[in-house]
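Let's take a walk through this structure together, with the sequence and the model side by side. We will begin with a sheet and finish with a single side chain.

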Amino acid sequence: MTVSLDALLPTATGAHVSTTYADWADVHDPDSAGTARDLVAEMGTELSRFRSKPGRFVDAMAARARLLPAEHLPWFWDTVGHRLIGQGGRPGGRAYAAARAAEAEHGLPVDAGYRRANALLFARGGAMPAKEFAAHQRFLAETSEPAAAHAALDDFLTAWTASPADLPADLVRRVKASAKAAGQGDEEAARLVGELLAVTRDKAVPDAVLKGATPLLRAHPPTDAVATGLLGVFPDGVTDGGAWLRMLIASGATEAMESGRVVPQGGLRHWVGTFMRMYQYAAQSGGGVARQPLPPELCDLIDRLGPRLHAEGGAPLTLHNTRHHYEGFDADVLDACLATGAEVLDPGPAVRLRFWGERSRRDLRALAADPVFGPRLERTVHATLLPEGSLHRRRKPGTAVTLLPGNEGIARLVSARVDKLLATVAAGGMAGAEEALAELELLLDGPTVDALDGVADALAGAGPAGTLHRSLAAGLPEELAWPALERVYEDFAKEAAEASVTEGEGPLPGVSGVTSTWPVLTVFGRHRAVAVAPDGVRASCRYTIPDDATMFAAHYAGGSFLVSWTAKPNPNHCDTAFWADHPDDPFTPDEVGGLVPFGGSLDGAYGFQFETQDGSGRHGGTGILRPGGKQGIDRDELQLGDGSTIWTNAVFGRQPWRQVHPLTGEREGATPLPDFLGASPATAPDTDLPLATEALQLAPLPAGLADSPLGTRDGLVGTRIHSRPGHYLLQSVDGRTARFTSDRQGQQAWALWAPPEAPTQAVVLAEARTPTGVRAYTADGTLLWEQDGHRSPHHPRVAPARHVTVSGGVALPPAFWYLLRTRDRTASKALRATTRQTADTLLAAALESPEALRATLSSEFPMLTDPVLTAAVAALATRAARTDSRRRALHQRITSPEEI
């Protein structure tokens, strides 16, 4: 019986259970039929075993193939390939190539019908290797008349195009050769290439194919039906879509879209949005993705599509989505779309805008004029002038006007920026005025001054007397005091001076850092520690640590001190400790994560690590540290207390607060927190900001203190914070609230200060550029002052990139601000009542001489007798004078053409 070899092939849907090899052996080698069927059965078993790694399956089959007769190999390998169809193109392609290699190597006969049908099966399944394309075309040419060979190639490529496999890079060249051989020329090649590309979807199309198709389709434009298909290709892979777009333009497909003869699937707005989604970002050879410039032809096309984009109804243009899960706008494309008058979807200010600088191909006038996107463009262009890399590099001079001259919208937005800075110089806080003036000194270059009418006059009228007035009325950090702590600082400084050492390297001579056993603050140097409570010194000790210690700390607990250190480079915590009264008994604590000096929000949290009620120890996250204990201190540093119960949590722990046993400090499980401001901490009035669970603060006011500069109620102090990045709602336990917005990444607001003699004010206290520092803002975001905090060996002091003169004193950990007292109420009351006229007089005296300033202070503030406060007010006036001198110099520069 004669068996058609075509009949040995499985159907397209049955390829995964192909028995082609066994069926061939039944007819052509009956003696080996049993072995062949066993091998086919083994294929199924092995493929199941290597389902997730089909390449390993091919390797296993190669070992079997080495034992087979040569004439069996093509049929065996084709069967392997059939079963791999749908498992990714590469493994199946290896099997197909192995079958053809066996035919060529051993000179085996080839059935033309079987070869054509088998190639179609592999092509439909996306398993035809690109390198076999040329060989198959030659086979068709050798076994068929030219016209039949071209028709067979048409079928083969149509099947390939409909598969998941990417198109071969030499497709156009080979189609042209086939058409020429069939006597039909470039018109037929253009027809076939156009029809193939028109149905290509969800795959990479090599630029070589698109570039090759471009002259063909320009010379022989496709029908509108084919053009519609071409508009839906959107090639995948690493491409900017440029080669495809240029092919569309050359073929007339975009002209058909512009005229309305052709409407892409989903409409014009959907087509433009899809282009942006596909090509704003591209995968990088080294891994990851990056934004890329889009082809210039896109904006030109959008300009031509303008009337139809504007008139088309439906959803607004979506230009910010990408296929790589990033979001962003391309400024050039956004400008082109806005210029058409079409509505563009606004996803919010968090989605960034990419400005291409000198590579930008548009004037961006439409974008700058847009009320929503224009301000974002100005901020984006402004940000391009900021330094890259080192924080210590200066930003480039100029504004968005410098980079986009002649753009009225940009000039208007830059003018608003400059006006805000001038207002801060004239009537902000002193620290804010210093920052604002430093920025103005950089912004006001020649192009900006030329573009902003009246800026010189505005600068001339922006004297800082109003800022001095506001700063004095708003409160100075030097008005707060802790007398016992200040005496401890003086002792450390005196001892350091006598020893002629500079240990500490921070704002306080001899002081290396602080730790908390709230309400006790431990101040320590390299050889000494003192525990200070609100009512005086609790205890002190001396000790010796190794000279090579890279980090050290001293924690007060129950009248003694746990001294710890490490010699490791760049340590995260200490790892060796001893009790100060047993220095000859060093040990490795069980828990070491919390053996660190206070270093900001990550090291020591807010400083609420409580002393036990009986004073015998220090609460940690999982237990109580008492003298002689060797358990150490863990990282669960967050604590809340209401006088009878203590709750604990961890920074970034993302876990519920858990109550601890009052005697052992061990956790007793998650329990509800106490009411705060008469409501559950999980709820807050009038805000959609989520509760910042780890930022909650609550503690009993220590005996002997009747009030707190951060507010108190029913014997408690504390703050509740609701936030999302950059936005805060702060609520003090005394009922004061304030909303605060910060544009400084990572800056956390943590409390509300009521300046002395102004109990209803709400000054926002927030983190500074240094990890332990503090910045004070009004609720509207005006920076009043900045104060540096204690040095931490974990966070060595570096010169931050800032233009602020820090206030006197040293910022304490946040928990200890609740314990500060007013230094001199009479003086503070006078400062709150400062008039603008007094501020003018002070500024004039400061500009004249130090002697004149001292005399004016005595006459204007006779009640100012405390030397710390007197020095603080004098320093503030001196800063105002220095700011005014810089303002005058800047005015001179921008009004003198030779200076700009």
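**A sheet and its helix**

In this predicted model, a good place to start is an open sheet of four strands, which are arranged in the order β6-β7-β8-β9 with antiparallel pairing. At its edges you will find β6 (513-517) and β9 (536-542), each of which pairs on one side only. If you look at how the strands lie relative to one another, neighbours in this sheet are turned by 20° against each other on average, direction ignored.

Now move to the pair formed by strand β7 (residues 520-524) and strand β8 (residues 528-533), which run antiparallel and are joined over four bridges. As a landmark here, take leucine 521, which has valine 532 of β8 standing opposite. Packed on the sheet is helix α26 (residues 483-498), which touches β7, β8 and β9. The direction of α26 makes about 165° with that of β8.

**On to an aspartate**

Next, please travel along the chain to helix α31 (residues 867-895), where aspartate 884 is found. Is aspartate 884 buried or exposed? Its relative accessible area is 2%, and because buried means under 20%, aspartate 884 counts as buried.

What does the side chain of aspartate 884 make a polar contact with? The partner is the side chain of arginine 887, at 2.7 Å. To see what else surrounds this aspartate, set aside the neighbours within four places in sequence: aspartate 884 is then in contact with Gly463, Pro464 and Leu847.

Terms used
Residues numbered from 1 in each chain as written. Predicted model: local features only at pLDDT ≥ 70, side-chain atom pairs only at ≥ 80, totals over all residues. Heavy atoms only, no water. Helix = DSSP H or I, 4+ residues; strand = E, 2+ residues; numbered from the N terminus. Buried < 20%, exposed > 50% of the residue type's maximum accessible area, 1.4 Å probe, protein only. Polar contact = N/O pair within 3.5 Å; in protein donor to acceptor, adjacent residues only side chain to side chain. Contact = heavy atoms within 4.5 Å. Pairing = 2+ DSSP bridges. Axes fitted to C-alpha atoms, helices over the stretch in contact; angles between N-to-C directions.
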